[in-house]
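Please open the model in your viewer and keep the sequence panel beside it. The tour below moves from one selection to the next and says what can be found at each stop.

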Amino acid sequence: MSISPRKLRNGKTVYDVCVYVGFTADGKRDRKKVTCPTKRSAELEQARLIAMRDAMRGRSGRMALSDYIDRRWWPNVSRRLAATSLDTYEKEIRLRIRPALGNLDIRDIDRHRIQRMVDSIATESVARKCVGVLKTILNEAKGDGLIASNPAEASFAMPKKGSKRGNGLVLADFGKILDALEIVRANGSECVQRIAYTGFLEGLRPEERYALEWSDFDMESRTITVKSARVAASRMHGGVQDKAPKTERSARTVPMHPAFFEWLSTQNGDGAFITGAVGMISPSTAQKRWRAFLRDNPGMPKVSIENMRHSFATAYLAAGGRVEALSRILGHSNIATTMNRYVRPDSDSLAADMMRVCMG
């Protein structure tokens with residue numbers, strides 16, 4: 001720490017105050033520099049910076065990371081985050097952050113200790129999620145004045161990327177989809193039919209299907225209004241959460257496929273469209289009923305509830321639909337998402353497309 005006089009071009013003398021107050025995210029010492037017009041004001045500023053540094057050291061010395069999470073961070077964040085986000089935070093804290101860093105004083109958590117935690121994690125995606133949660137916690141601690149900088153903002157050597165989970169079976173054209181729906185219509189319960197038709201022929205996300213109400217269907221204009229989503233959450237947070245759709249464009253109006261309109265004309269009801277034991281179906285109940293249907297009908301293609309939407313997207317383009325229109329129907333924020341995540345033609349479709357192009 002120092003006070004250094006410095007003469008300006010106009011001949012006036014100012015005083016530079018330099019005080020080390022902590023460490024930056026990359027482990028280097030964090031130096032604060034302030035310029036003052038008089039030596040007296042420089043001495044006062046130096047005293048203030050030293051007091052601030054020492055006060056932070058004293059405060060952080062009384063609180064381990066686990067104590068900070070339990071007493072200050074979690075009560076605050078639980079009031080403003082969605083249940084699904086809280087589930088993610090709770091899992092990362094319980095499985096990785098507490099075991100590695102929970103007993104440490106917040107001020108003693110540095111880049112090297114965080115790297116050791118990262119080294120204990122098997123895959124990159126999990127490690128990045130864990131560091132992201134830690135960064136959020138330590139940003140709050142920084143705002144509370146317990147630390148001068150956030151070490152989780154540094155760069156870390158990440159583990160290898162994990163193997164991507166296979167997306168499973170996708171039906172690549174509407175002919176295959178309609179054949180599958182014949183089996184659903186002949187053997188599936190009302191609930192199973194509604195899960196399948198809204199997925200295979202309308203491309204709705206699973207959580208959008210579970211939140212549908214009869215009032216969302218307009219038979220005159222042949223459209224479906226998507227306005228909410230019903231997602232799974234832990235029992236600690238109620239088991240189910242109803243919220244707004246995934247993105248701004250996800251709140252949308254979707255045209256009915258002709259085969260969907262024909263099938264819906266045979267249905268009737270009010271309130272929740274897909275029902276569970278009581279009222280609107282939960283995501284877990286929907287999954288159980290669909291898996292039971294696949295088990296009891298060996299001739300049905302083993303398409304997951306999620307891949308009904310993938311099947312619709314692939315079949316839509318195979319039938320000549322425009323990517324721009326499909327992107328709006330699916331409720332994506334951009335066309336790249338449509339192409340990269342939901343359009344996966346099978347080898348037969350690729351071969352047929354090659355022949356069509358080459359033969360003119």
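## A loop, then a strand

Begin by selecting arginine 222, which sits in the loop that runs between strand S4 (217-218) and strand S5 (223-226). The model you are looking at is a predicted one, and in it arginine 222 has a positive phi of about 55° although it is not a glycine. With a relative accessible area of 41%, arginine 222 is partly exposed.

Next, move along the chain to arginine 230, which belongs to strand S6 (residues 229-232). Is arginine 230 buried or exposed? Its relative accessible area is 13%, and because buried means under 20%, arginine 230 counts as buried. If you display its side chain together with the backbone of isoleucine 281, you will find a polar atom of the arginine 230 side chain 2.7 Å from the backbone oxygen of isoleucine 281. To see what else surrounds arginine 230, leave aside its neighbours within four places in sequence and show its remaining contacts, which include Glu207, Tyr210 and Ala211, as well as Val240, Gln241 and Asp242. Met280, Ser282 and Pro283 are also among the residues in contact with arginine 230.

## Charged pairs

Side chains of opposite charge can pair when their charged atoms come close. The model contains 16 salt bridges by the rule used here, and the following stops visit some of them.

Select helix H1 (residues 39-60) and, within it, arginine 40 and glutamate 43, which are three residues apart, about one turn of the helix. Their side chains meet in a salt bridge with an N to O distance of 3.9 Å, which falls inside the 4 Å limit that defines such a pair. Arginine 40 counts as exposed, at 55% relative accessibility, whereas glutamate 43 is partly exposed, with a relative accessible area of 34%.

Now turn to glutamate 262 and arginine 185, whose side chains form a salt bridge at 3.0 Å, N to O. This pair links distant parts of the chain, since glutamate 262 is in helix H9 (residues 258-264) and arginine 185 is in helix H6 (residues 174-187), 77 residues apart. Both partners are partly exposed: glutamate 262 has a relative accessibility of 41%, and arginine 185 has a relative accessible area of 29%.

A further stop is glutamate 324, which forms a salt bridge with arginine 322, their closest N and O atoms being 3.7 Å apart. Here glutamate 324 is partly exposed at 43% relative accessible area, while arginine 322 counts as exposed at 53%.

For the last of the charged groups on this tour, select Arg205, Glu208 and Arg252 together, because these residues are linked in a network of salt bridges.

## The whole chain

Finally, clear the selection and colour the model by secondary structure, which shows 14 helices and eight strands. Of the 360 residues in the protein, 42% are buried. If you look at contacts with a sequence separation of 6 or more, 63% of them are between residues 24 or more positions apart. With the surface switched on, the protein exposes about 19400 Å², and carbon and sulfur atoms supply 50% of that area.

Definitions and conventions:
Residues numbered from 1 in each chain as written. Predicted model: local features only at pLDDT ≥ 70, side-chain atom pairs only at ≥ 80, totals over all residues. Heavy atoms only, no water. Helix = DSSP H or I, 4+ residues; strand = E, 2+ residues; numbered from the N terminus. Buried < 20%, exposed > 50% of the residue type's maximum accessible area, 1.4 Å probe, protein only. Contact = heavy atoms within 4.5 Å. Areas by Shrake-Rupley, 256 points an atom, 1.4 Å probe, with all protein chains shown as cover. Polar contact = N/O pair within 3.5 Å; in protein donor to acceptor, adjacent residues only side chain to side chain.
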